[in-house]
Every structure is written in structure tokens, then in C-alpha cells.
Amino acid sequence: MKYSYFPGCTLKNKALDLDKYARNSAEALGFTLEEIPDWQCCGGVYPMGKNEIAPKLPSVRALAYARDQETSLVTLCSACYNVIKQVNNDMQNDENIILKANNYLAGENLEYHGETKVLHFLEVLRDEIGWDKVKAAVKNPLKGKKIGAYYGCLLLRPGKVMKFDDPENPQILEDFIKAIGATPVIYAQRNECCGAYAEIEDPSIPDARSKAIITNAKDMGADFLVTSCPLCQYNLTKRKGDAEIEVVYFTELLAEALGVKE
């Protein structure tokens, strides 16, 4: 089973290990992530302006490539997933954006109308592999580890477009934690914003938000937090202070459980 793969900038630069964990884990579970050639940055933030067409084109090109390969498009990063899935929704439903984007792409002999299915790696595990098969492939169950799922904003919202999980009470990461043999910890701040890109302009915002998340998770008994957003991992790790809690990307835990972490 093969999927077109959009790794995104962070996972091809400072987080190469997290990308490799995903590829190794995929092979162990019987599917392949085939990286899209010459992909371009998705922009990291969905452009909301109706006249902002050019920033959407990298996502459209990736989506069109996956369609031509007759595969779904998979990404690991919450930000990439959010941008690409919202752009795909535009290319299915917004006639103004469809017209303008395809006018841009005409010179590349491309036309796209939202045909591609966009999946987060976690959705592949849940919907296409199945948690039972993931559990059966685990060689090093993470028994005794109490892990809090940290969803953040981008996986879940806007809920009507992302359709990833219940935006108020998600469970996909908790199911992932159970499948790799660990114990999920439920805490109130698990789908609250960490402060995100406010880090660049006003670090006091992620300071307050991230510390509240860390404190809440620790108070509820978590030894680890697991996330699928590189920026969330950065913000939370930077601000954990003396709290004895580790913030881990989900592909690292998966690779460890499957016995493919180098």
C-alpha cells in the first residue's frame, strides 16, 4: 500500500529523525510513504483571504500530484495537514478560488478540483490499518508510561472542514497511546492552544498558555505529552521548566514501540 507523502519543512530540516521514524514505522506496518518530488512549503498557516491564491498553489500542486498517482496524500505535521486540507476544501467548494488557482496552473498543464483524499498519518493508523493491527505489530509495548495526548488547535479546527475527530472530545491520540501499550492521561488542556506563532511577536502568550498545559497534564499524572505538531512540541518543551515531563512527537513513540527506532 502506497501513499503520496508531504513531509513539510520542519520534518526535512531540524526534525529529520521524526520523519525517519514515520517512514520506518510505515514499512513495519505494511505501507510506504512516497515523498512528492519538488514539493514546496505549504506556508505553515492557511491563507484566509479570498484573494490570496498564490499561497495556496503549493498545496494544490501537491494535491494534484497525489491525484495523478492515484493515491491519498499523507502528512505528519498538524500545520501542513490543516493548510492542505483547508485548501483542498476550497478546491472542492469555492468557485472563485477554483477558477483563479486553475488559471495560475494552466501554464503548468495542471487542473485540479479537489479529487484527492487528504490524510494525517494518525488517520492512516486508525482508519486504514486499524488499531488492532498496530497493537499486534508492537514489539516493545510502552507499559507503565503515562502519556497525555496534546492535540492543540490545527488537527481539530475548523471541525466541519478537518473532520479529523470530535473537536471538543477527541480520542484518536488516546487510542494511539493504548495501541502502543501505554496509559493515556486525560486532562482539561489537551486541545487548548499552546500560543503557536505568537512566539515570534509576543512570547508572553505561549509562556502562559504552554505553562498552563504542562501544569495541568503534570497535575493529572502524565509523565509524557505526545503531539503531532513540531511548533507545539517546541513551545511546550521550551516552557516546561523544572517539570519532570517529556514532550514527544508521536512518530518517535510509534517507532520505539514497533522496534524500528534507531
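In this predicted model, Lys2 sits opposite Thr32, a residue of strand β2. That pairing is part of a longer match: strand β1 (residues 2-5) and β2 run parallel and are joined by four bridges. Zooming out a little, β1 and β2 belong to an open sheet of four strands, with the order β2-β1-β3-β4 and parallel pairing. The strands at the edges are β2 (32-35) and β4 (118-120); each has a single partner strand, so one side of each is left without a neighbour in the sheet. Going from one strand to the next, the twist averages 45°.

Helices pack against this sheet. Helix α2 lies across β1, β2, β3 (73-75) and β4, and runs at about 130° to β3. Helix α5 (residues 121-129) packs on the sheet as well, touching β1, β2, β3 and β4, and its direction makes about 95° with that of β4. For a look at one residue of α2, take Ser59, which is placed in that helix (residues 57-68). Is Ser59 buried or exposed? With a relative accessibility of 1%, Ser59 counts as buried, because the cut-off for buried is under 20%. Setting aside residues up to four places away in sequence, Ser59 touches Cys42, Val83, Ile84 and Val87. Asn96, found in helix α4 (residues 95-105), gives another picture: this residue is partly exposed, with a relative accessible area of 33%. Asn96 and Leu76 are 20 residues apart along the chain, and their C-alpha atoms are separated by 29 Å.

The model holds another open sheet, again of four strands, this time in the order β6-β5-β7-β8 and with parallel pairing. Its edge strands are β6 (183-185) and β8 (246-249), each of which pairs on one side only. Here the twist averages 40° from one strand to the next. Strand β5 (residues 146-149) pairs with β6 in the parallel sense over three bridges, and within β5 and β6, Ile147 stands opposite Pro184. Helix α12 (residues 250-258) lies across β5, β7 (224-227) and β8, running at about 80° to β8.

Next come the nonpolar side chains. In soluble globular proteins, such side chains tend to be buried together. In this model, the largest nonpolar core has 72 residues, and those with the most contacts inside it are Phe31, Leu33, Phe121, Leu125 and Phe176. Helix α3 (residues 78-93) gives the largest share of this core, seven residues. What does Leu125 contact, leaving aside its neighbours within four places in sequence? The list is Leu29, Phe31, Gly130, Trp131, Val134, Phe176 and Leu254. Apart from the largest core lies another one, of 14 residues, among them Val185, Ile214, Ala217 and Leu236.

The aromatic rings have their own pattern, with a count of eight aromatic pairs. One of them joins Tyr81 and Phe164: the ring centres are 5.7 Å apart and the planes are at 65°, so the pair is edge-to-face. This pair links distant parts of the chain, since Tyr81 is in helix α3 while Phe164 is in the loop between α7 (159-162) and α8 (172-179), 83 residues apart. Both residues are tucked away from the surface by the numbers: Tyr81 counts as buried at 0% relative accessibility, and Phe164 counts as buried at 2%. Ring pairs also link Tyr3, Phe31, Phe121, Trp131, Phe176, Tyr249 and Phe250 into a cluster. Two of those names, Phe31 and Phe176, also turn up among the contacts of Leu125.

That leaves the cysteines. A disulfide is a covalent bond between the sulfur atoms of two cysteines. How many disulfides does the model have? The count comes to zero. Take Cys9: the closest cysteine sulfur, in Cys41, is 3.4 Å from the sulfur of Cys9, which is too far for a bond, because the cut-off asks for sulfur atoms within 2.5 Å. Cys229 is in no disulfide either; the nearest cysteine sulfur, that of Cys232, is 3.4 Å away. As for exposure, Cys9 counts as partly exposed at 32% relative accessibility, whereas Cys229 counts as buried at 5%.

Note on methods: Residues are numbered from 1 along each chain as its sequence is written. This is a predicted model: local features need pLDDT of at least 70, side-chain atom pairs count only at pLDDT 80 or more; totals for chains, interfaces and linings use all residues. Side-chain values use heavy atoms; hydrogens and water are left out. Helices (H or I, at least four residues) and strands (E, at least two) are DSSP runs, numbered from the N terminus. Buried means under 20% relative accessible area, exposed over 50%, partly exposed in between (1.4 Å probe, protein chains only). Contact means heavy atoms within 4.5 Å. Two strands pair if DSSP finds at least two bridges between them. Axes are lines fitted to C-alpha atoms, for helices over the stretch in contact, and angles run from 0 to 180 degrees between N-to-C directions. A nonpolar core is a set of buried Ala, Val, Leu, Ile, Met, Phe, Trp, Tyr and Cys residues joined through side-chain atoms within 4.5 Å. Rings of Phe, Tyr and Trp (its six-membered ring) pair if their centres lie within 6.5 Å; planes under 30 degrees apart count as stacked, over 60 as edge-to-face and the rest as tilted.
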